[in-house]
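Visitor: Could you take me through one part of this structure up close? I would like to look at the surroundings of the ligand.

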Amino acid sequence: MSEVSVNTEQIKSAIQDREIIQIRGMHKWFGDFHVLKNINLTVKSQERIVICGPSGSGKSTLIRCINRLEEHQKGEIIVDDIELTNDLKKIDLIRQEVGMVFQSFNLFPHLTVLENCTLGPIWVRQTPKLEAEEAAMLYLERVKIPEQATKYPGQLSGGQQQRVAIARSLCMNPKIMLFDEPTSALDPEMIKEVLDVMVELADTGMTMLVVSHEMGFAKTVADRVIFMDEGEIIEQNDPHQFFDNPQHDRTKLFLSQILAH
Amino acid sequence: MNPNDTNAAAYPIGQHPSLPPPTTERGVLKWLKTNLFNTWYNSIATIIGLYFLYLIIPPTFDWVWGSATWEASSNKDCRAGEGGACWGFIKARFVLFMYGFYEAEALWRPNLAGILLVFLGVPVLVPKIPGTKLFAIFLIFLYPWIALSLLVGPIKIALFSDTTFLILWGILIVALLFYGVRGMQTNDLVKRGFGFGSAYAAVVLLFLNWGLGLPEVETTKFGGLLLTLVLALTSIVVSLPLGILLALGRRAESLPVVMYFCIGVIELFRAVPLITVLFMAINMIPLFLPQGYSFDNVVMALIGLIIFFGAYLAEVVRGGLQAIPKGQVEAAASIGLNYYKSMRLIVLPQALKIVIPGIVNTFIAMTKDTSLVMIIGLFDILMITKSSITDAEWLGLEWEGYAFVGLLFWILCFSMSRYSQWLERRLDTDRRD
Ligand SMILES: Nc1ncnc2c1ncn2[C@@H]1O[C@H](COP(=O)(O)OP(=O)(O)OP(=O)(O)O)[C@@H](O)[C@H]1O
Ligand SMILES: [Mg+2]
């Protein structure tokens, strides 16, 4: 009996010690413009990371490199033991394991909410339609909008759309979720409903990388906060240390600016 | 104080109920007043307009209907009439107008092809009817070959006259099917596609060689509305997929050879008049073929029409592709859809929906431009009319002839236009309801 529990404990810690994302000496250029400079970042399974920094600092570009929406030119990125190269098959495999939520939702407007959610499972994972629909309804319940399943995205509010986008990603059963400023296109009253869903998701042990300036969210959820400026990771720390006791001058300046309003 | 404001105070602040919008006056008189007689100059314009309608409509009606001649065996019978239209001309030459010189005892063949097309096509075009998918599969994969066999009979392939070769061909088909099944079992899409695709092509060749066992009809016998419909439908159905491929190819920046090839085809064929393309198809292509080989003029005309309008459609489709935000492709990629799936499921459905008006516009132009094949000696409906009215027996009946063709074209093109509007409304998912 006790042996079993030790085993599960061991398995649990083994999962948590697994380095699911490894980025080493990574650089990226847009033409001549050096956007990301010598990025080194390791993310453990079930870790939750919030990335912040001024506009144009390369936050979006960094997380978009993780599912190869952007290509890096130097260094290596290894996701779930697969190195990102030009091999299209591997890229497709990684994208199945990595979900992404965009600032502008990017739902498919010609498909219903339910079809948005079942598209990936049906066409990528070859799940039978009925099974995919049942699973999708479960996720729609988790993001609290099962009643909108038959509507089209254009008929929903921004907050509802973003929650559908989260459900759509979750339907693929990803190991990692990337969020690129998921709440910054939303009205204040809708921000909370989306953040609530994300907090619940964090509680289930999902590995999450979130680009966000929501300090409350960072404090309650993040294991680590990363500050980027001009394409470099300037500072990283646990959220309380980070917000209460920033080390770097640029971090201090940035925090004073976002606290100012 | 504005009288409308009187009940403004009737509700306490924060408890104003939602009220129906104010009703304005209604009725025919109101409509007339606001649309036709709202100012003195509009009233004058209305009266002048009415006067012109009075001048035009009664005589037109009289010509079309009142004093029209319905039975005639030559223009002498028409002259006997009281100056009305001579529809007897159309009636006497109806078969010629519809089928050209198609053999009289074989007219059931185009008729059957047409009936089959309506039977299969209507459920596909009106997606509310259940079983659409089955009909579509039948329409795309079987109907073209059945229709072709009905219209022209067997297309003899020399090799198939040899029994040994036939047996080898049969073995090849079985082998290809087996290869496809293997691909299915191992979930290998390329293997599956190649196996089943080639087996299908091999069976189609065999079927065309048999041609339903009907006697052969040469395409030189095709004419009239039959030829017009064959040209228009075939070029519509084939040039759209071609246009989509050219448009996708034009944007394939990672495949420069494909990209420049597509740009070349599009820019070449868009910049040359259709008449030139048709002349080239008839006169130039045979020069490159080995001696003794001759392609059918109808086929040549079709190839010319398809490539020419494929290039036009490619540009229409490209406009739609450009209107789809990059985020859609990124979202599709982020759930693991590869290029082909994201094009097929996400980008093209949206892009094509946006450009339905442009596509149908091109279809309409295409339908009307099929009449240009008259310059390469084909007798489409317009050419049949032209030659009929110069026939000594029927001289002087231009009005009737051209009114009839005009009406036929108008029915074809107007129904396409209405259908596209209906489709657009049906596919509109932005409405809130
Ligand atoms: N496709 C591109 N081509 C060229 N430059 C780009 C491209 N995408 C982004 N950039 C540039 O790279 C830099 C980093 O962009 P990125 O979107 O990663 O910043 P960010 O930190 O996410 O900023 P924000 O907070 O405004 O979203 C910016 O200067 C941007 O102008
Ligand atoms: Mg960004």
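**Around ligand 1**

Guide: Happy to. Let's start with a polar contact: in this predicted model, a polar backbone atom of A:Ser57 sits 3.2 Å from an oxygen atom of ligand 1. The residue before A:Ser57 in the list of surrounding residues, A:Gly56, also takes part through its backbone, with an N or O atom 2.8 Å from a ligand oxygen. A side chain joins in as well: an N or O atom of A:Glu181 lies 3.1 Å from an oxygen atom of ligand 1. On its own, ligand 1 has 630 Å² of accessible area, and the protein covers 60% of that.

Now for the elements that build the shell. Those giving two or more residues are β2 (33–44) and α2 (59–66) of chain A. Of these, α2(A) gives the most, with three residues. Here you can look for A:Lys59, A:Ser60 and A:Thr61, which are among the residues around the ligand. Also in the shell are A:Phe33 and A:Val35, and both numbers fall in the range of β2 of chain A. Further members of the shell include A:Phe30, A:Pro54, A:Ser55 and A:Gly58.

What is the chemical character of this shell, by class? Six of its residues are polar, four are nonpolar and two are charged. The nonpolar group can be picked out by name as A:Phe30, A:Phe33, A:Val35 and A:Pro54, while A:Lys59 and A:Glu181 are the charged pair. So if you want one place to begin on screen, try A:Glu181, whose side chain makes the 3.1 Å approach to a ligand oxygen.

Terms used:
Residues numbered from 1 in each chain as written. Chains lettered and ligands numbered in written order. Predicted model: local features only at pLDDT ≥ 70, side-chain atom pairs only at ≥ 80, totals over all residues. Heavy atoms only, no water. Near = heavy atom within 4 Å. Polar contact = N/O pair within 3.5 Å; in protein donor to acceptor, adjacent residues only side chain to side chain. Areas by Shrake-Rupley, 256 points an atom, 1.4 Å probe, with all protein chains shown as cover. Helix = DSSP H or I, 4+ residues; strand = E, 2+ residues; numbered from the N terminus.
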